[in-house]
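Subject: Structure for you to look at

Dear colleague,

I am passing on the structure below, and would be glad if you could open it alongside this message. My notes on what was found come after it.

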Amino acid sequence: MQDLNAVMFQAAQAFKKYRNFSGKQKAIFLRAIAEEIEVIGRELIDIAMQETNLPEGRLIGERGRTIFQLKMFADLLDEGSWVEARIDSANLSRQPIPKVDIRKMLVPMGTVAVFGASNFPFAYSTAGGDTASALAAGCPVVVKGHPAHARTSAMVAEAIFRAAERTGMPQGVFAHLDGGEGFEIGNALVMHPETEGVGFTGSFGGGKALYDLANKRVDPIPVFSEMGSVNPVILMPEKLKQEAENVAMICANSITLGVGQFCTNPGLIFGIENQDLERFLRVLSAEIEKISPSTMLNEGIFKNYEDKKTIALSQEGVKTESVSKIEKTAQTQGMPTIASVSADIFLKNPKLHQEVFGPYSLVIKCKDEAQLLEALSHLEGQLTATLMATENELQANEELVDTLKNLSGRLNFNNVPTGVEVCFAMQHGGPFPACTDARFTSVGPDSIKRWVRPASYQSFPDTLLPDELKHNNPLNIWRMVDNAFVK
């Protein structure tokens, strides 16, 4: 592990300098990374297509999102108020005890280890949201590249190295490790004493293993693992009576988007048994039959999909409703599939609650709203929950809405869960096991808060304080001073 030790030592040395860089300096670095990725051009897309089987349009869009994220964090740094500066001025005449001057802000934690995701070679990988947010926070980043797109990851890493060099960043502010298929380098990275935080997007098994490992350290560190979800969709009777066909079509598109290889894929659909639910199921089945199978990211993901789908379909009481009628043209293409089961059986069989990562969804038929609530109460934490309902049904079902809110990080109304907007209001995270810490998001500007901690300065001379905490603030940022926001 000598090479890893050298990398981590260099990152630790870089942190001593980088943590004190101004927001403007870090913003210049992030914008330079975006520019260097753009400069690579068509070659990057071609390599990613070869490695991931993802289509050109999807990869161009994802590269655009990655560039947008980098620029978004640069804008956040330019504005500056994200550090949440708080100033409580001294009041020495207060009785019976004088009040001292106390000031607080968010400061970076240290070196962050980032594990690239298999299904997002750009936006959740080498220069993705974890890396961008950690660098914005003032933390050096060590990326463990994903073997499913090793060449793509290496090309993006080179872009970050070029950006660091031309913007005068300290050596070691970014590093890229190619650990291959094994777990040895990743485990060593989590256990290294210089690692202060971990970002992971992927399977429950992988994310939970890293979390458990980090908690075995002498000094446990936070692991922010986003580990997937079945993203329940609830179909209310009045909504189906009015729009069963339309709801079925948008659900079919969401289930099969990207060959179902999204953590927000709607894997479970709940409805109350009646003729409108059957009408929905007929239309959904007909739509699924018309959707062509597509090549999945890699052979391992395809095999996992087939294995888990086979297990789910073989459970007692599960009925296969529809499979794509279009023949496969390649071995690793995932066949879109819909199945159904009664809520009675669903409640008794936890195997049916598990994620099947791919173009598959299970429709659960409930006797009434009471059984629907009972079924939802047996689900684990989710990234999203979706309610297809009329406004009247929304208002009349406060307990259902409250149940879904407590179950998930993002609650959708008449909207599919696939598609994650990158913005301040986005919460991409949820109660365990969707994530290891439901208090944080891995998407949007607020994701920077995973890599910082609050630090207070008591009775410091104004000249020795960080600029963000000085009374004569030279940064022109919003701060809270004596319980009022000022610039």
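The notes below go from the core to a helix and its surroundings, then to a charged residue and finally to some backbone details.

Please keep in mind throughout that this is a predicted model.

The largest nonpolar core comprises 106 residues, and those with the most contacts inside it are Phe29, Ile33, Phe270, Phe346 and Leu362. To take one of these, Leu362 is in contact, once its neighbours within four places in sequence are left aside, with Gly267, Leu268, Ile269, Val318, Ala339, Ser340, Val341, Phe346 and Leu352. Phe346 therefore appears twice in this picture, as one of the residues with the most contacts inside the core and as a contact of Leu362.Helix 15 (residues 398–407) has Leu400, Leu404 and Leu407 as its buried residues. They cover an arc of only 60° around the axis, which places them on the same side of helix 15, while Glu398, Glu399 and Asn406 are exposed on the other side. The cover over the buried residues of helix 15 includes strand 8 (233–235), helix 13 (369–377), strand 15 (382–388) and strand 16.

Among these covering elements, strand 15 deserves a second look: seven of its seven residues are buried, so strand 15 is largely enclosed by the rest of the structure. Strand 15 runs parallel to strand 8, to which three bridges join it, and in that pairing Ile234 stands opposite Leu387 of strand 15. Strand 15 also runs parallel to strand 16, here with five bridges between the two, and Ala385 has Leu411 in strand 16 as its bridge partner.

Strand 16 (residues 408–413) also holds Arg410, and you may wish to inspect this side chain yourself. What is the nearest side chain of opposite charge to Arg410, and how far away is it? It is Glu421, at 9.1 Å, and Arg410, although buried, has no salt bridge. Leaving aside its neighbours within four places in sequence, Arg410 is in contact with Thr264, Leu383, Thr384, Ala385, Pro417, Gly419, Val420, Met426 and Gln427. Ala385, listed there as a contact of Arg410, is the residue whose bridge partner in strand 16 is Leu411.

Turning to the backbone, there are two cis peptide bonds to point out. One joins Gln95 and Pro96, with omega at about 5°, and Pro96 is found in the loop between strand 1 (86–88) and strand 2 (102–108). Another runs from Phe432 to Pro433, with omega near 10°, and Pro433 has its place in the loop between strand 16 and strand 17 (452–458).

Positive phi values in residues other than glycine may also be worth checking on your screen. Glu84 has a phi near 55° and lies in the loop between helix 4 (56–79) and strand 1, where it is partly exposed, with a relative accessible area of 29%. Val259, which is likewise not a glycine, has a positive phi of about 55° and lies in the loop between helix 9 (237–256) and strand 9 (268–272). Is Val259 buried or exposed? With a relative accessibility of 12%, Val259 counts as buried, since the cut-off for that term is under 20% relative accessible area.

With best wishes

Methods
Residues numbered from 1 in each chain as written. Predicted model: local features only at pLDDT ≥ 70, side-chain atom pairs only at ≥ 80, totals over all residues. Heavy atoms only, no water. Core = buried A, V, L, I, M, F, W, Y, C linked by side-chain atoms within 4.5 Å. Buried < 20%, exposed > 50% of the residue type's maximum accessible area, 1.4 Å probe, protein only. Contact = heavy atoms within 4.5 Å. Helix = DSSP H or I, 4+ residues; strand = E, 2+ residues; numbered from the N terminus. Lys, Arg positive; Asp, Glu negative; His and termini not counted. Salt bridge = Lys/Arg side-chain N within 4 Å of Asp/Glu carboxyl O. Arc of directions from axis to C-beta. Pairing = 2+ DSSP bridges.
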